[in-house]
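User: I have a model on screen and some terms to test. Take me through them one at a time, with the reasoning.

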Amino acid sequence: MQGEDHIPGVRPLVAISWHRCREQYRVDPHLTEAPVAVAELDRTPEHDVVFAELGFRAASVAHEVGNLGGLVTVTDATGRILAEWGDQAALARAGDSNLAPWFCWSECAVGTNGMGTALEAHGPVSIRGAEHWCQAFHDWVCAGIAVRDVVTRDPIAVLNICCWRRQLPASAESWLANAVTMTQHPLKRRARDSGAELVAAYTQARGRSGAALAAVDTAGKVVIADDMASVLLGVPACTPAVDPTLRWNPGLPELIAAARYATSQAAHNPDWVGSTQIFAHLADEPTSISIRPVFSSGHLIGNLISFGASDGTRLPQAEGFVRPWVQPRRLVAMRDNRMVLLRLPEVSVAESQGNDVWFSTDQGRLRAASPSLDKLDSELADVGFLRVHRRYVVNLSRIREIERGLKGELMLIMDDRTNQMVPVSRRNVSAVRRALDI
């Protein structure tokens with residue numbers, strides 16, 4: 001609250017959440033109750049399946065949690081509590097803080113808490129006592145986990161357990177993780193089926209048109225591309241990527257923004273077709289593309305991208321090219337129990353190593369607060385960073401030299417304390433050449 005970034009004894013996950021509450025959301029720490037939820041989301045059949053599954057799992061442990069004097073809640077992606085189960089005395093006490101259905105428990109509404117912080121993080125989140133941002137909630141101990149869309153990685157719902165003035169059982173977090181894993185099984189099957197249907201739609205469209213063509217999912221990742229489109233997107237040609245975990249990330253922010261805009265338009269008008277221009281790999285000038293949504297059983301599963309075409313409604317420049325996320329002002333790293341806030345120019349390389357991401361910085365090698373290199377890649381794609389390898393994201397302004405191998409492979413020598421050498425994977429060579437204009 002006083003503006004300090006180093007607080008001894010505070011877990012990194014909590015310290016980062018506090019930083020968001022203070023700097024980004026400006027939550028009043030003296031708040032005593034949650035506000036009424038006002039945000040409404042467009043729900044899909046998949047969301048209804050998730051809510052029903054989480055409701056079943058919450059109800060199945062309600063008696064056990066109730067015996068501990070606790071509650072089980074299910075919230076949607078806005079942090080709005082949809083339902084809760086548990087001990088009657090705990091339910092009555094929770095009502096004093098509006099810990100009840102139809103009230104909002106996102107971080108931006110009430111600060112650090114099990115439900116809201118789970119929406120911001122990946123994996124189980126526990127918030128104990130005074131780790132809550134608001135003093136009025138210090139008597140609660142919570143553990144929550146978000147179910148995320150397997151394609152976009154956006155949160156769908158949160159399953160949360162909380163108790164009043166007593167510790168949760170040691171098995172709580174593993175039970176939450178297992179519940180989410182089971183809930184996501186049908187989502188993964190549906191995503192694989194949708195990938196196969198996108199490939200079928202691409203094949204059918206390929207027979208009707210001679211334009212360069214690709215199929216992308218709702219997150220803008222490439223499921224399949226023909227020979228010409230693969231060059232423009234910097235992905236393998238004619239190689240289907242049906243599984244959502246194996247799809248190709250072209251690293252083109254404009255394409256991702258266009259795909260997301262198309263998703264929002266097609267949700268209200270299934271016949272919508274749009275066009276815009278993007279900077280593709282190996283192209284000195286922007287390339288026109290046409291975007292045609294693909295539906296399965298009335299559900300949007302992706303888009304067909306035709307290069308060199310300009311059919312349909314022109315995407316507004318202000319909306320078509322705006323990133324759907326907030327540009328980070330700082331990158332957060334950890335040194336022991338200290339949270340280090342890094343300016344973007346201070347970071348030369350982000351490297352995935354095991355379950356962690358490490359930054360090469362002017363202060364040395366530091367562990368990133370975020371364990372996801374994919375998330376960093378998405379956040380930094382249009383602020384001068386580039387994914388050059390499945391394990392590396394580099395700051396383009398910190399590349400000092402480029403070494404070329406006998407078979408055309410590239411090695412980047414970074415401008416840092418150790419002159420770190422970063423390999424460029426074959427599929428990313430064209431993107432590096434274009435980004436550096438070589």
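Analyst: Start with the overall size. This is a predicted model. A compact globule of 438 residues would have a radius of gyration near 22 Å. The chain has 23 Å, so it agrees with the globule rule. Along its principal axes the C-alpha trace spans about 65 × 55 × 35 Å. The chain holds 11 helices and 21 strands.

User: What makes the sheet with the order β2-β1-β5-β4-β3 an open one, and which strands stand at its edges?

Analyst: Its 5 strands follow that order, with antiparallel pairing. The edge strands are β2 (81-86) and β3 (125-128). Each has a single partner strand, so one side of each is left without a neighbour in the sheet. From one strand to the next, the twist averages 15 degrees.

User: How do you know that β1 and β2 pair?

Analyst: Pairing needs at least two bridges between the strands. Strand β1 (residues 70-76) is joined to β2 by 5 bridges, and the two run antiparallel. Therefore they count as a pair. One bridge can be named: Val74 has Ala83 in β2 as its partner.

User: What makes you say that helix α2 packs on this sheet?

Analyst: Contact means heavy atoms within 4.5 Å. Helix α2 (residues 45-67) touches β1, β2, β4 (140-148) and β5 (155-164). Its direction makes about 175 degrees with that of β1. Angles run from 0 to 180 degrees between N-to-C directions, so a value of about 175 degrees puts α2 and β1 close to opposite directions. Helix α3 (residues 88-95) also lies across β1, β2, β4 and β5. The angle between α3 and β1 is about 55 degrees.

User: Why is the space lined by Glu40 and Ile156, among others, called a cavity?

Analyst: In a cavity, a 1.4 Å probe fits but cannot get out. The structure holds 3 cavities of 30 Å³ or more. In the largest cavity there is about 80 Å³ of space, which puts it over that cut-off. Its lining is Glu40, Leu41, Arg43, His47, Phe51, Asp76, Ala77, Arg80 and Ile156. By class, that is 4 nonpolar, 1 polar and 4 charged residues.

User: What makes up the lining of the second largest cavity, by class?

Analyst: There are 6 nonpolar, 4 polar and no charged residues. The full lining is Ser97, Leu99, Trp105, Asn113, Gly114, Met115, His132, Phe137, Trp140 and Cys142. Glycine counts as polar and cysteine as nonpolar, so Gly114 falls in the polar group and Cys142 in the nonpolar one. At least two lining residues come from each of α5 (114-120) and β4. The volume of this cavity is about 70 Å³.

User: How is a pocket told apart from a cavity?

Analyst: A pocket is an open set of points, while a cavity is one the probe cannot leave. The second largest pocket holds about 340 Å³ of space. It is lined by 18 residues. Met1, Gln2, Ile7, Trp18 and Trp133 lie nearest its centre. Helix α1 (residues 12-25) gives the most to this lining, with 4 residues. The classes are 8 nonpolar, 7 polar and 3 charged.

User: What pairing does the sheet with the order β7-β6-β10-β9-β8-β11 have?

Analyst: The pairing is mixed, in an open sheet of 6 strands. Its edges are β7 (222-225) and β11 (313-314). Each has a single partner, so one side of each lacks a neighbour in the sheet. Strand β6 (residues 213-216) pairs with β7 in the antiparallel sense over 3 bridges. There, Ala214 stands opposite Ala225. Helix α8 (residues 253-268) lies across β8 (274-278), β9 (287-296) and β10 (299-307). It runs at about 130 degrees to β10.

User: How do you know that β19 and β20 are paired, and which residue in their hairpin takes a positive phi?

Analyst: Strands β19 (residues 399-404) and β20 (residues 410-414) are joined by 5 bridges and run antiparallel. At least two are needed, so they pair. Arg404 stands opposite Leu410. The hairpin has 5 residues between the strands. Gly408 takes the positive phi, near 90 degrees.

Conventions: Residues numbered from 1 in each chain as written. Predicted model: local features only at pLDDT ≥ 70, side-chain atom pairs only at ≥ 80, totals over all residues. Heavy atoms only, no water. 1 Å grid on protein atoms, 1.4 Å probe; cavity = no way out; pocket = protein on both sides within 12 Å on 5 of 7 lines; lining within 4 Å. Points joined across faces, edges and corners; volume = space filled by probe spheres on them. Rg over C-alpha atoms; globule rule 2.2 N^0.38 Å.
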